[in-house]
Amino acid sequence: QKPILLQGHERSITQIKYNREGDLLFTVAKDPIVNVWYSVNGERLGTYNGHTGAVWCVDADWDTRHVLTGSADNSCRLWDCETGKQLALVKTSSAVRTCGFDFGGNIIMFSTDKQMGYQCFVSFFDLRDSSQIENNEPYMKIPCSDSKITSAVWGPLGEFIIAGHESGELNQFSAKSGEQLSNIKEHTKQINDIQTSRDMTMFITASKDNTAKLFDCTTLEHLKTFRTERPVNSAALSPIFDHVVLGGGQEAMDVTTTSTRIGKFEARFFHLAFEEEFGRVKGHFGPINSVAFHPDGKSYSSGGEDGYVRIHYFDPQYFEFEFEA
């Protein structure tokens, strides 16, 4: 089936994310533009203008009223989803790498990079207290001196966040006290992406060590491993089937040295339980940097180093095949 091609960025895509209903798709890239699209037909709804550097991360809250973005321009910004108006600006000492809303949409967290003499921090702001944003004083700030956080998500019920590090470590930080609840190291290299399952019981990590791994959200128990020959930049779990999609490829700097015909840039589908690959989808002209399943499981999207976002709707056979299996 022909994918819907979204052309709204001049530079490589850094993250794509659906809202909870799945009618909107948010895309950010290494340009200052934040785009929002209708996922059903790929029509662009609008842009959130204000950043002056590459935008690393984006998130929408539970009822899609607000959008949160973090950027290399040393800021994290809150937007009104409908009007595109900037509601809040939090200035930071270094680039904002990851960001996210908790379930109520009242508390935001974001992590900053370790660069220019500043260490990596995770900051928590309560949006109900306007003075925190105005005075740029988060109610909690957790320093991470050892290794910078490269990806982070909220855990179930918003009690803690799960953070993946440059070193391959994973840990949980309490959103109440800031203490480290647990720490494991299953990956040997940097964790590029973390995404949770629909019911928040599990999460999948994508790493530079050529694997994606499945973990239990609460205990951090390692459940499954999906192996490839190249760095995995992003991984997502299907909300309706036992399927995983991985996106990756080489490092961006190595891309020109190999022929595009070899086809290293497919989205790869694995079975969640059997850890076996059962399908690939071609299309991008470079590594895939972000993948996401639609919340209804009937389509998925991928964003690549080539600056394009592709929305793929599954064939009817895909659903029949799964039920027979």
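Leaving aside neighbours within four places in sequence, which residues is Thr218 in contact with? In this predicted model, the partners are Phe160 and Gln172, with contact meaning heavy atoms within 4.5 Å. Thr218 itself sits in the loop that runs between strand E20 (211-216) and strand E21 (222-227). Its C-alpha is 28 Å from that of Ala267, a residue 49 positions away in sequence.

A quick word on the ground rules. Numbering starts from 1 along each chain as its sequence is written, and side-chain values use heavy atoms, with hydrogens and water left out. Because the model is predicted, local features need pLDDT of at least 70 and side-chain atom pairs count only at pLDDT 80 or more, while totals for chains, interfaces and linings use all residues.

Now for the overall picture. The protein has 2 helices and 28 strands; these are DSSP runs numbered from the N terminus, with helices (H or I) of at least four residues and strands (E) of at least two. The radius of gyration is 18 Å, which agrees with the value near 20 Å for a compact globule of 325 residues; it is taken over C-alpha atoms, and the globule rule is 2.2 Å times the number of residues to the power 0.38. Along the principal axes, the C-alpha atoms fill a box of roughly 55 × 40 × 40 Å. Of the 325 residues, 58% count as buried, where buried means under 20% relative accessible area, exposed over 50% and partly exposed in between (1.4 Å probe, protein chains only). Among contacts with a separation of 6 or more, 42% come from residues 24 or more positions apart.

The UniProt record, an unreviewed entry, lists "repeat: WD" at residues 6-47, 48-89, 184-225 and 281-311; such annotations may be inferred rather than shown by experiment. Residues 184-225 are 57% strand and 0% helix, with end C-alpha atoms 15 Å apart. For residues 281-311, the strand share is 52%, helix is again 0%, and the end C-alpha atoms lie 11 Å apart.

Two backbone spots deserve a look. Most residues other than glycine have a negative phi. Thr64, though, has a positive phi near 55°. Thr64 lies in the loop between strand E6 (55-60) and strand E7 (66-71), and it counts as buried because its relative accessible area is 13%. Asn136 also isn't a glycine, yet its phi is positive at about 55°. Asn136 is in the loop between helix H1 (130-134) and strand E13 (140-144), and its 33% relative accessibility makes it partly exposed.
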